[in-house]
Structures are given as structure tokens and as C-alpha cells.
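Take a look at the chain below. We will follow its charged side chains and see which parts they link.

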Amino acid sequence: MAVCWGTWTGRHVLSMATGAGAIYLLYKTVADGLSGAPDSTECYRLESPDHREGLPVEEVLNRKVCEELLEMLRVQQDGRSHSAILRSIARCIYLMDTKTPTCSPEHIELVASCLDDHNRDTTIQALNTLRAFVTQSLFTDKIPDYYPKILDMVTSSRDMGVQVAALQLLNALPMPPNIEPLLRRTVPYLLGFLQLDNYNIQLQVLRLLVTLSHKEELLPDILNCQHFLNQVRPEILSLLNNSQPEKLLMEMLLLLEVLHGGCTKPRRPSKSPKSDSCSLYEVLFGENSNLANHLMVMFVHPEQKVQVQACKLIMKLQLHKLDAEITTALSKHSAGSAALTHILPSVKSTS
């Protein structure tokens, strides 16, 4: 019995014992199971009507807890308790077997309905619970339906906690089709967030911008973008300083690398970056940009990964500049040769 009890109360079962009603439910389930458990190795598994081979007992308990919590969320009228219930549901989902989840698309709709709750904690936990659902492959295609709503929460909410949770969810979601027009309108706001002094928002925005910058149709719009206050301030480069955390610097350097790589690719004239003193392109890669000076500072950063990434980016910038100078020189040389070829026959004819 002691061996069986030790197995039943492993870290997976203990980690579920949180949230509204979960502790009592676990106690009753485990107690009932122990009272009738046979004294053999079979006490490790329980037969399930849906799975003939049986499921690990912690999986059975986790499913039972999740079902009870989802039912509580559906019938509970007290909005103040929704936050605790949603937090516990998220924990259950993270512990659930990804191949055979017990939840359904209707449960996703139930959780998503809490996004409109007036209680900020409930809204945040609803976003976090949807992010937990993303880990279940069966529901990955369902949650992107809420992408526009979540994106709107980023730009319209004045609560930074809600904004961070929404950004985290966006970074976990696959980008749905035909969302580019809405993303183009959102990019100026994202650049504005980078100029705020909030680490969590800056980190999530950088990760989202890296993802968007890999989309060829969105990249020119990002480079040509101007902040909704009519300019992208050069102070955006102040993120590149040695007092910033490593994660933030690595994401910023990665974004710069992706943007610069996009600048060097041939593209249609209408989609090429424009030289505008207020655009992101001009601030980062224009003639008066201080990007190289900020990158040089990274050479003395305590983290070697930051140093290496900054060095790689500087080398790419210098090679691109050198290549442009060579191309310009060759172009001038070709133009001069063509003019000389045109003049020489005229000189010969007059002589």
C-alpha cells in the first residue's frame, strides 16, 4: 500500500492539487482509489471506458479535475472566482496527454468567452488558458480564429498585464491566413511599445516583430513604417545597451538581422524600403543611423552570445556597405566607358 501511495502522489498529481475545488476532488478520488486498489503493480493504472489499454492514474485524475473545473466555469456566476478556475484549468491542460485530450472545441469557446470579462485577472487567465490549449495539437487550428480579437486587445487595452498576456498568446499561435492587412495597421503600435520602459512588453513585441519580419509581404511595411506619432525616434536604438537583460538584447539583435537581411533582397520597386527620415528603415540603416555605434558597445557585454551576435551583425552591415560601394563604382565606370565609346567615333569623323 505504501508503494502504491507513493506512486499515486507523484509530482504530477501534486501539481494538480491547486485551484478552486481541486484539492477536495483529488482527495476524494485518491482516497476512493486507495480503498479498492489491489496489492500489485496494477495499482499504477486504471481502466478507462474510452481506452481499453488503460491510462496512467495521474492522467485519469487530471482529466477528472479538468472536466469538473470546466463545468464549474460554465455554471459559476460569481465572476471573481473565474480567475482561479481558469488558472487551474491551464495547469491541468499542461499536464494532459497531448495525443488524447479530454477537452473539446466547445471548451475553447467557453474559455474565450471570458476574454470579455470586466475583471482584469479573469481576462489575463483566459489568455493564459488559451495559450495552454495551443500545446494541444488537436486545438491548434481552433484558437487562431480569435487572432484578430487578441491583436485588438494588444492595441486597445490600457492594462499592461493584459497586453503582455495577449502578446504571449500571439507569439504561441500560428498566423492565420489573410491577416496581413490587420497586422499592417498594428505595426506602428508595436513600434510604439518598443519605446516604452517595460521589459515584458518589449520582449514579447520583439519576438512578434521577428515573426512578422520573416513574412515577405509584411517586411517592407515594417521597414517603411512610421510610428503613429509621425516618427520612429532614434531612441529606439537605446535598447542596445549593456544594462539590458540578455534575452531582450538577443531578440533585438535577431530582429535587426532579419530586417537587414530583408533589405538586401531584390524586390519590386513598390515594395522597396523608402528613404524617409521618420521611417524605421532610415533610423536603423539610413546614412545618419547610429546603429553601428550601438553595436560596438555590445562587444563588452558580459554575455558572450550577445557579443558574437553583435559582431555578426556589424560584419553583415560592413559587407553590405562595401558591396554597395563596389556596385556604385562599377556603375560609374560602365557609364564612363559608354560615354567614351560614344565620343570617340565623333572625334575620328571630324579629324
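**Salt bridges across the chain**

E246 is partly exposed, with a relative accessible area of 23%. That value falls between the cut-offs of 20% for buried and 50% for exposed, so the label is partly exposed. Keep in mind that this is a predicted model.

Which residue does the side chain of E246 meet in a salt bridge? Its partner is K305, with 3.1 Å from N to O. E246 sits in helix α13, residues 246-263. K305 sits in helix α16, residues 304-350. The two are 59 residues apart, and the pair links distant parts of the chain. Is K305 buried or exposed? K305 has 52% relative accessibility, so it counts as exposed. The cut-off for exposed is over 50%.

Now turn to D221 and R184. Their side chains also meet in a salt bridge, at 2.9 Å from N to O. Where do the two residues lie? D221 belongs to helix α12, which covers residues 219-223. R184 belongs to helix α10, which covers residues 180-194. The partners are 37 residues apart in sequence, so the salt bridge ties together separate parts of the chain. Both ends are partly exposed: D221 has a relative accessible area of 27%, and R184 has one of 28%.

Next comes R120. The side chain of R120 meets that of D159 in a salt bridge of 2.6 Å, N to O. R120 is in helix α7, residues 120-134. D159 is not in a helix here; it lies in the loop between α8 (147-156) and α9 (160-172). These parts are 39 residues apart in sequence, so the pair ties a loop to a helix. R120 is partly exposed, at 39% relative accessible area.

This pair is part of a network. Which residues are joined in it? They are R120, D121 and D159, joined by salt bridges that share partners.

How many salt bridges does the model have by this rule? The count comes to nine. Among them are E246 with K305, D221 with R184, and D159 with R120.

One last stop concerns the backbone. N178 has a positive phi of about 60°, although N178 is not a glycine. Where is N178? Look in the loop between α9 and α10. N178 has 71% relative accessibility, so it counts as exposed.

Note on methods
Residues are numbered from 1 along each chain as its sequence is written. This is a predicted model: local features need pLDDT of at least 70, side-chain atom pairs count only at pLDDT 80 or more; totals for chains, interfaces and linings use all residues. Side-chain values use heavy atoms; hydrogens and water are left out. A salt bridge is a side-chain nitrogen of Lys or Arg within 4 Å of a carboxyl oxygen of Asp or Glu. Helices (H or I, at least four residues) and strands (E, at least two) are DSSP runs, numbered from the N terminus. Buried means under 20% relative accessible area, exposed over 50%, partly exposed in between (1.4 Å probe, protein chains only).
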